[in-house]
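Work through the exercises below with the model open. Try each task before you read its solution.

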Amino acid sequence: MVGDAAAGEKSFAKCKACHTINPGGANGIGPNLAGVAGEAVATGRGGFAFSDALKTKGGTWDDATLDAWLTNPKAFAPGTKMTFAGIADAQERANIIAYMKTAK
């Protein structure tokens, strides 16, 4: 599914309570997400303390992994510290992923 980055920027407002996405930005309750697309899961992010559940997941934050995470973080990594319930709409997830890819 092709995402619309402009629409994703609007939807990302849901994430801003816990995450920043500006390059070089500080971590908040959650890690700064600038440049996360393509990185290894639960690494980097300026020393952010990821949950053991996410650290043991492995893999890379590619489109499929980001989509699974955004669908239901607790199902993706049972025991995660992330309390967000997820985004049910596939197009909205694709839009957010497209937006995240622009933030490097």
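**Exercise 1. Contacts of F12**

Task: Setting aside neighbours within four places in sequence, find which residues F12 is in contact with.

Solution:
- The model is a predicted one.
- Skip the residues within four places of F12; the contacts left are H19, I21, L33, I96, Y99 and M100.
- Now place F12 in the interior. The largest nonpolar core has 25 residues, and F12 is among those with the most contacts inside it.
- I21 and M100, two of the contacts of F12, are on that list too, along with L54, W61 and W69.
- Next, ask which elements build this core. Helix 2 (52–55), helix 3 (63–71) and helix 5 (90–102) each give two or more residues.
- Helix 5 gives the most, with 4 residues.

**Exercise 2. The setting of S11**

Task: Decide whether S11 is buried or exposed, then find what its side chain pairs with.

Solution:
- Locate S11 in helix 1, which covers residues 5–11.
- Check its relative accessible area: 13%. The cut-off for buried is under 20%, so S11 is buried.
- List its contacts beyond four places in sequence: E92 and I96.
- Look at the side chains of S11 and E92. A polar contact of 3.1 Å joins them.
- I96 turns up twice: S11 is in contact with I96, and F12 is as well.

**Exercise 3. Two cysteines**

Task: Explain why C15 and C18 form no disulfide.

Solution:
- Take the sulfur of C15. The closest cysteine sulfur is in C18, 8.8 Å away.
- Compare with the cut-off: a disulfide needs the sulfur atoms within 2.5 Å. At 8.8 Å the pair is too far apart for a bond.
- Start from C18 instead, and the closest cysteine sulfur is that of C15.
- The disulfide count is therefore 0.
- Compare their cover. C15 is buried at 12% relative accessible area, while C18 is partly exposed at 29%.

**Exercise 4. The whole chain**

Task: State how many helices and strands the protein chain has, and judge how compact the chain is.

Solution:
- Count the elements: 5 helices and 0 strands. From the N terminus the order is α-α-α-α-α.
- Compare the radius of gyration, 12 Å, with the 13 Å that the globule rule gives for 104 residues. The two are close, so the chain is as compact as a globular protein of that length.
- Add the burial figure: 40% of the 104 residues count as buried.
- Finish with the surface. The chain exposes about 5,500 Å², and carbon and sulfur atoms supply 57% of it.

Note on methods:
Residues numbered from 1 in each chain as written. Predicted model: local features only at pLDDT ≥ 70, side-chain atom pairs only at ≥ 80, totals over all residues. Heavy atoms only, no water. Buried < 20%, exposed > 50% of the residue type's maximum accessible area, 1.4 Å probe, protein only. Polar contact = N/O pair within 3.5 Å; in protein donor to acceptor, adjacent residues only side chain to side chain. Contact = heavy atoms within 4.5 Å. Core = buried A, V, L, I, M, F, W, Y, C linked by side-chain atoms within 4.5 Å. Rg over C-alpha atoms; globule rule 2.2 N^0.38 Å. Areas by Shrake-Rupley, 256 points an atom, 1.4 Å probe, with all protein chains shown as cover.
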